[in-house]
Every structure is written in C-alpha cells, then in structure tokens.
Amino acid sequence: MEDPDKKTEVVLLACGSFNPITNMHLRLFELAKDYFDETGKYKVIKGIISPVSDAYKKKGLISADHRVTMAKLATKNSDWVEVDDWESSQSEWVETVKVLRYHHQKLLSSDPTNSLQNALPLTKPGRKRKQEPNRHDPIKKKNQSPDIKSTPQIKLLCGSDVLESFGIPNLWKLEDITEIVQNHGLVCISRAGSNVQKFIYESDVLWRHKNNIHLVEEWITNDISSTRIRRALRRGQSIRYLVPDVVLAYIKKNNLYNPESEDKNAGVVLAPLQKYASDSKN
C-alpha cells in the first residue's frame, strides 16, 4: 500500500467570476481530486474558490458580496472546498499569479515547519535557482528531521477555456503565464475531443513546462456555464439542478440577474486588457 505520508500534498485554487457559481464549478474540484488520487502520488488536502473583484469590469458582473455569499452557500456542506474572499475584497483587479503567490505565502506561514524567513522566495522566471521550480520546500535547518513534509503545492484549477485564453493578446502577461506553470502548476479540466494538447504544443512556454500541466479529461460531459445560467434567468426559465438549491434560493430572494444587471460594465474594457494594452504602449 502507498504510504500517505510520502504523497505530495496539493491545494487546488480556482479563480474566476463565479457569476453565479454552478454545479459545474464544483465538479471541477471533484474531477481534479479523483485524478490526483488515482495517480497514487498526490493527496489533495484543500480546494479554494477565489471570486474575482468587481474591479475586473466584466460585463454583467454583479457585486462580489453576492458572488462570495453564493459560493459560500454552495460549499457549505463540503469538507474540503472553501471560499476565500481576499481577491474579491481588493479595490483593484489582482492578477491571478498574485493570488497564487498570496495563497502560497499563506500556506508557508501556517506551516509550523516553515516560516517566511526560512522559505526560499518565489523567484521571477528566468533567474537561475538551485531549487526545483515546482517544489516549494523550505531550507532544512541542521538536525531537522528529513521526514517532515514539505509545504503543499498550490495549483491553479481551470477549464480548457482558461488555458486557451493564454493566447488572447493583452489578457495575460507572458511572465505571469511562465510563473504559473513553472512555480505552481496547472490542472486543466478538458472535454474529450478538445484541442488543449495542441494548444500546449503550439506554445513554447507551455510546452517547456508541460510536465507541470495536468490534463484531466471530463468524460461525463457537462455544458453548464454561468453565462447560460444568466441567460435562462433573464428569460424567466428554470435553472434548478444547474446550481445548488441554496444558490437558487439566494438568487430568487435577491432578484440578482435581470436585463439591467447584464448591462453592468457594458462598453467597459476588461481590466487586464486596459492594463496590459497601456503597458505595451509605454
């Protein structure tokens, strides 16, 4: 039998709008956990849902307070997936790589065998480093037991649409993509027949770090999306069994999605496109 103490501990982080959170969002975590369990090498210890802040400026994006509340209601009965509101509470849009850094440092500071002073910093891509890029092991002190577990790895959990969005001009910085796949890792849930592998092959950065990109095929296909949920709500159609019942009740109670809410941020350029387009001009 596998020794559970020798398995690499993993924390799954999902960033996004969650506008609203759906059953498919929750399924991503279950699919990823099954995948890692089946390898026999990893142990998923936690899942984190991190809704984006209002400053992202996505069309139809309702208040972060509502989105966070719905996510908390949806995960209330989960014993391993939780919601973190740090990103959503920021007054400015925060790059995904910074959210990963935040949670990595949080893991370090909560681990009694580590400290922020004793841990190797996450260096910027391109610098030479002696440590393996995806192993955030602390520097061992003298006489420290070699059996003490290293800090869990935190990996970005996403769908194939997010991975393929790496190719959209000015939506992601190349150095951020590099840091995500090099220092942390990516867990991508893809549908059978998708072109994710081809996309990775055609990207030099992703291909270079392909061993740190875990592709999980979703054999029981599910086309639920927040966009389709909102469309159904605008048209007065039922969304029962597409979102958790507690989320549906919250949406109805607060009359969250309607034609007016969908027009929010209409005509406003998405925050990363604003930022990176202006950076490229300077």
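Contact here means heavy atoms within 4.5 Å, while axes are lines fitted to C-alpha atoms, for helices over the stretch in contact, with angles running from 0 to 180 degrees between N-to-C directions. The model is predicted, so that local features need pLDDT of at least 70 and side-chain atom pairs count only at pLDDT 80 or more, whereas totals for chains, interfaces and linings use all residues. Residues are numbered from 1 along each chain as its sequence is written, and side-chain values use heavy atoms, with hydrogens and water left out.

**Exercise 1. Describe the sheet and place α1 against it.**

Step 1: Helices (H or I, at least four residues) and strands (E, at least two) are DSSP runs, numbered from the N terminus, and two strands pair if DSSP finds at least two bridges between them.

Step 2: Six strands, in the order β3-β2-β1-β4-β5-β6, make up an open sheet with parallel pairing. Because β3 (81-83) and β6 (213-218) are at the edges with a single partner strand each, one side of each has no neighbour in the sheet. From one strand to the next, the twist averages 25°.

Step 3: Within this sheet, β4 (residues 153-159) and β5 (residues 186-191) pair in the parallel sense over four bridges, and L157 is found opposite V187 in β5.

Step 4: Helix α1 lies across β1, β2 (42-51), β3, β4, β5 and β6, and runs at about 160° to β2.

**Exercise 2. Work out the setting of I21 and T22.**

Step 1: T22 is in the loop between β1 (8-16) and α1 (23-39), and I21 has its place in the loop between β1 and α1.

Step 2: Buried means under 20% relative accessible area, exposed over 50%, and partly exposed in between, using a 1.4 Å probe and protein chains only. T22 counts as buried because its relative accessibility is 1%, and I21 counts as buried because its value is 0%.

Step 3: Leaving aside neighbours within four places in sequence, the contacts of T22 include I224, S225 and V243, while those of I21 include I49, M70 and V243.

**Exercise 3. Find the largest nonpolar core.**

Step 1: A nonpolar core is a set of buried Ala, Val, Leu, Ile, Met, Phe, Trp, Tyr and Cys residues joined through side-chain atoms within 4.5 Å.

Step 2: The largest such core has 38 residues, of which L12, M70 and L157 touch the most other members. Helix α1 gives the most to this core, with six residues.
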